[in-house]
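Me: Could you take me through one part of this protein up close? I'd like to see how a single strand sits among its partners.

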Amino acid sequence: MSLARTFLDRLRNAGITDADNEEQRLQKSLLFFATGLICLASVVWLLLYWHLGPRFPSNLSFALQLLLVGNLLIYLKTLNFNVFRWIQLSLFLFTPFIAQWSIGSFITASGMSLWALLAPIGAVLFIGPRESGAWFFAYVFLTALSGGFDYYLADSLSMAQHPVPPQTSAFFFALNFAAVSAIVYVLLRYADSQKHQAQQRLQEAHRLLQSEQDRSERLLLNILPAPIARRLKNGNQTIADGFSEVSVMFADIVSFTRVAEGLTPQQVFAMLNKIFSCFDELAEKYGLEKIKTIGDAYMVAAGLDTTSKNPTEALADMALEMCSLLHHDFSINEMRLELRIGIGTGPVVAGVVGKKKFIYDLWGDTVNIASRVTTEGTPGMIQVDERTYRRLQWGFDFQEPRTIFLKGKGNMVVHRLIGRRTADSA
């Protein structure tokens with residue numbers, strides 16, 4: 001049973017290449033399957049006729065099988081499917097009429113020409129509905145021609161060389177109709193099952209494609225803010241936006257280079273990945289936009305999303321929680337590292353530069369101030385510029401302001417953030 005199933009599977013899949021689409025695969029599979037059924041039926045019919053009495057010559061039956069199988073072998077050699085199906089359908093169409101004329105009339109041959117109906121039906125399945133019209137017309141023409149011969153030559157046909165008993169003729173009438181109907185039904189059922197399997201494969205491919213698309217979408221959203229990602233996908237225009245009021249924060253790990261000298265590259269990566277992953281979670285928690293990491297520095301912005309409420313306060317809360325996290329959670333901060341954090345507020349330009357390996361970045365004096373305030377800061381402290389202080393002074397506590405010198409900016413007043421203002425400190 002398994003050997004027979006393996007043979008049928010190989011027959012159905014013969015000549016199918018990876019370049020074939022689902023429709024071509026189905027057409028080839030159906031035609032190979034139909035070829036096998038016709039070959040088997042021609043032998044069975046000849047043996048049944050011989051068993052019931054009439055011993056017709058076997059030349060036509062063997063010739064049909066040789067032509068069908070020979071054409072199949074030629075196709076497997078040349079892979080010219082158009083020629084292959086045209087010849088097979090021609091054999092399906094003409095051979096039943098030739099067999100009927102060799103036996104006698106439509107009556108004595110028990111309606112053997114009905115087998116030719118497999119040609120136009122096969123054309124629908126193997127070629128397509130539109131192209132099958134010519135094959136159906138040819139079938140109707142040959143049927144009418146055969147009927148005309150029977151009508152005008154009825155007397156001579158009654159003296160056929162191979163008379164068929166009425167019982168045998170009646171038996172084969174029923175058998176021919178039943179067999180042709182069964183083959184048509186089997187082909188249609190097989191076509192439907194193959195289409196169902198193709199649809200399942202298509203659905204699975206669509207599911208995998210959708211999964212891959214969702215994965216790519218997540219990766220893109222990990223690189224770019226969602227609105228920027230949508231704009232980048234929907235067009236090729238340059239993305240550069242100006243914002244009048246954005247708060248920018250830099251968090252720099254103190255003495256990171258010295259600490260990293262005694263570690264392997266894998267240990268350095270694991271340490272940074274653990275800390276920055278926690279910072280990513282905090283940025284998501286407070287609805288802020290992580291811009292990038294630069295070595296051991298972490299950059300976040302607040303105010304790029306115009307729908308956010310009090311973005312500078314959210315940035316200050318994140319800065320405080322970052323310091324608290326490193327001070328108290330030594331499972332994350334095993335090396336007892338400290339942060340210098342600086343926050344600046346003001347206008348920025350935000351956009352995507354380049355066409356390859358692009359990132360969303362910020363430019364402007366505000367970014368420079370935040371970076372330099374961070375560099376001039378004290379380990380474990382959060383320093384903010386005057387503009388940030390004015391936005392936070394009513395909700396947060398600060399130390400006394402101090403003046404620092406920033407390269408390229410001169411003297412600047414900065415404020416050290418202590419924490420959220422409580423009722424006692426108000």
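Reply: The protein's secondary structure adds up to 14 helices and nine strands. Here helices (H or I, at least four residues) and strands (E, at least two) are DSSP runs, numbered from the N terminus. Keep in mind that this is a predicted model: local features need pLDDT of at least 70, side-chain atom pairs count only at pLDDT 80 or more, and totals for chains, interfaces and linings use all residues. Residues are numbered from 1 along each chain as its sequence is written, and side-chain values use heavy atoms, with hydrogens and water left out.

Let's look at E9, which covers residues 410-420. Two strands pair if DSSP finds at least two bridges between them. Start with E6 (residues 382-385): four bridges tie E6 to E9, and the pairing is antiparallel. Within that pairing, Gln383 sits opposite Arg416 of E9.

Next comes E7 (residues 396-398), which runs antiparallel to E9 and is joined to E9 by three bridges. Here Asp397 faces Gly419 in E9.

Then there's E8 (residues 402-406), also antiparallel to E9, with five bridges between them. Arg402 stands across from Val414 in E9. E8 and E9 form a hairpin with three residues between the strands, and in that hairpin Gly408 has a positive phi near 85°.

Now zoom back out: of the protein's 426 residues, 44% count as buried, meaning under 20% relative accessible area (1.4 Å probe, protein chains only).

Note on methods
Buried < 20%, exposed > 50% of the residue type's maximum accessible area, 1.4 Å probe, protein only.
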